[in-house]
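Biologist: Before we go through this entry, could you show me the model and say which terms you rely on?

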Amino acid sequence: MKEQIDYLESRLKARPEIAIVLGSGLGPMADEVSDPTVIPYEDIPGWPHSTAVGHAGKLIFGQLEGRNVVVMSGRAHLYEGHSIDKVVLGARVMARLGASKVILTNAAGGINLSYNRGALVLITDHLNLQGTNPLLGPNDDSLGPRFPDMTFCYSPRLRQVALDTAQRIGSTLHQGVYACLSGPTYETPAEIRYLRIIGADLVGMSTVPEAIALNHMGAEVVAFSCVTNMAAGITNEKIHHGEVLETGRDVSAQFINLIRAMLPSV
């Protein structure tokens with residue numbers, strides 16, 4: 001991490017207080033940052049490039065609602081062939097730069113039948129079904145303990161801020177458990193039935209490794225899913241990535257309003 005931190009510190013006007021990671025189709029949030037310093041991923045030594053469509057691949061440092069923020073527009077995924085250490089590198093670097101509060105977002109498939117396409121969901125807990133964990137291997141005691149507790153992986157304080165904010169601005173915010181699989185295939189109808197049985201409301205291919213790594217470091221995490229499609233077998237339609245991006249764009253204004261309204265209390 002040292003070379004990435006050294007490079008970014010040489011470019012910063014101020015250290016970030018809050019980090020925001022943008023999922024597929026939610027890139028317009030990056031345009032909200034004022035007085036931005038934009039750093040493409042390819043300029044950062046050792047930084048994983050994002051190849052997923054809908055992920056811009058840049059860090060944006062600046063201000064939003066009077067807070068110093070860093071926005072990570074695009075993330076690395078296991079399905080792109082990155083190691084788990086590379087998948088969480090961005091989250092760890094942002095936390096080390098000073099972002100002790102992190103807002104994670106993603107596009108997800110809806111399993112809970114009360115959700116509709118375009119619903120915003122506050123993640124209350126997760127199921128890590130990727131078959132790996134960013135804390136495997138020797139523990140780096142400078143980051144956190146060997147066996148971190150995950151009871152409050154998603155900060156109760158920040159979740160309450162999100163719920164209170166949504167009520168105040170009149171935005172509908174659901175709550176649910178997010179199941180994380182490796183991808184890149186979308187799930188089969190049988191897998192979705194299994195995920196519903198074990199308690200999943202949503203399914204996707206990101207967020208959980210970052211949440212684990214950040215919790216290990218003592219950062220406060222809050223996470224949101226945008227339901228961009230209903231999961232396999234719930235409707236008779238095939239799932240395609242274009243639908244994911246289109247829905248993300250359709251709800252981006254609602255999402256931006258919620259995040260902006262939250263920031264003064266984060």
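Modeller: A pocket is, on a 1 Å grid over the protein atoms alone, an open set of points where a 1.4 Å probe fits, with protein on both sides within 12 Å along at least five of seven lines, and its lining residues have an atom within 4 Å of a point. Its volume is the space filled by probe spheres set on the points, which are joined across faces, edges and corners. The model is predicted, so local features need pLDDT of at least 70 and side-chain atom pairs count only at pLDDT 80 or more, while totals for chains, interfaces and linings use all residues. Residues are numbered from 1 along each chain as its sequence is written, and side-chain values use heavy atoms, with hydrogens and water left out.

Biologist: How much space lies in the second largest pocket?

Modeller: The second largest pocket is lined by 13 residues, and those closest to its centre are Asp85, Arg92, Pro134, Asp140 and Leu143. The space in this pocket is about 230 Å³.

Biologist: Which residues of helix H4 are buried?

Modeller: Helices (H or I, at least four residues) and strands (E, at least two) are DSSP runs numbered from the N terminus, and H4 spans residues 156-169. Buried means under 20% relative accessible area, exposed over 50% and partly exposed in between, with a 1.4 Å probe and protein chains only. The buried residues of H4 cover an arc of only 130° around the axis (taken from the directions from the axis to the C-beta atoms), which puts them on the same side of H4. They are Leu158, Val161, Ala162, Thr165 and Ala166.

Biologist: Which exposed residues sit on the face of H4 turned away from its buried side?

Modeller: An α-helix has 3.6 residues a turn, so residues three or four places apart point the same way. On H4, the face turned away from the buried side carries the exposed residues Gln167 and Arg168.

Biologist: How many bridges join strand E5 to E9?

Modeller: Strand E9 (residues 220-230) has ten of its eleven residues buried, so the strand is largely enclosed by the rest of the structure. Two strands pair if DSSP finds at least two bridges between them; E6 (residues 120-128) pairs with E9 in the antiparallel sense over three, with Val121 opposite Ser225. E5 (residues 101-110) runs parallel to E9, and Leu104 stands opposite Ala223. The number of bridges joining E5 to E9 is ten.

Biologist: What phi does Glu65 take in the hairpin of E3 and E4?

Modeller: E3 and E4 pair in the antiparallel sense over seven bridges, and Gly62 has Val69 in E4 as its bridge partner. Glu65 lies in the loop between these strands, E3 (58-64) and E4 (67-73), and is partly exposed, with a relative accessible area of 37%. Although Glu65 is not a glycine, in this hairpin, which has two residues between the strands, its phi is positive and near 55°.

Biologist: Is Asp35, which also has a positive phi, buried or exposed?

Modeller: Asp35 is placed in strand E2 (residues 34-40), which pairs with E3 in the antiparallel sense over five bridges. Its phi is about 50° although Asp35 is not a glycine. With a relative accessible area of 52%, Asp35 is exposed.

Biologist: Which peptide bond is cis?

Modeller: Pro184 lies in the loop between strand E7 (174-180) and helix H5 (189-197). With omega near 0°, the cis bond is the one from Gly183 to Pro184.

Notes. Expected span 1.5 Å × (residues − 1).
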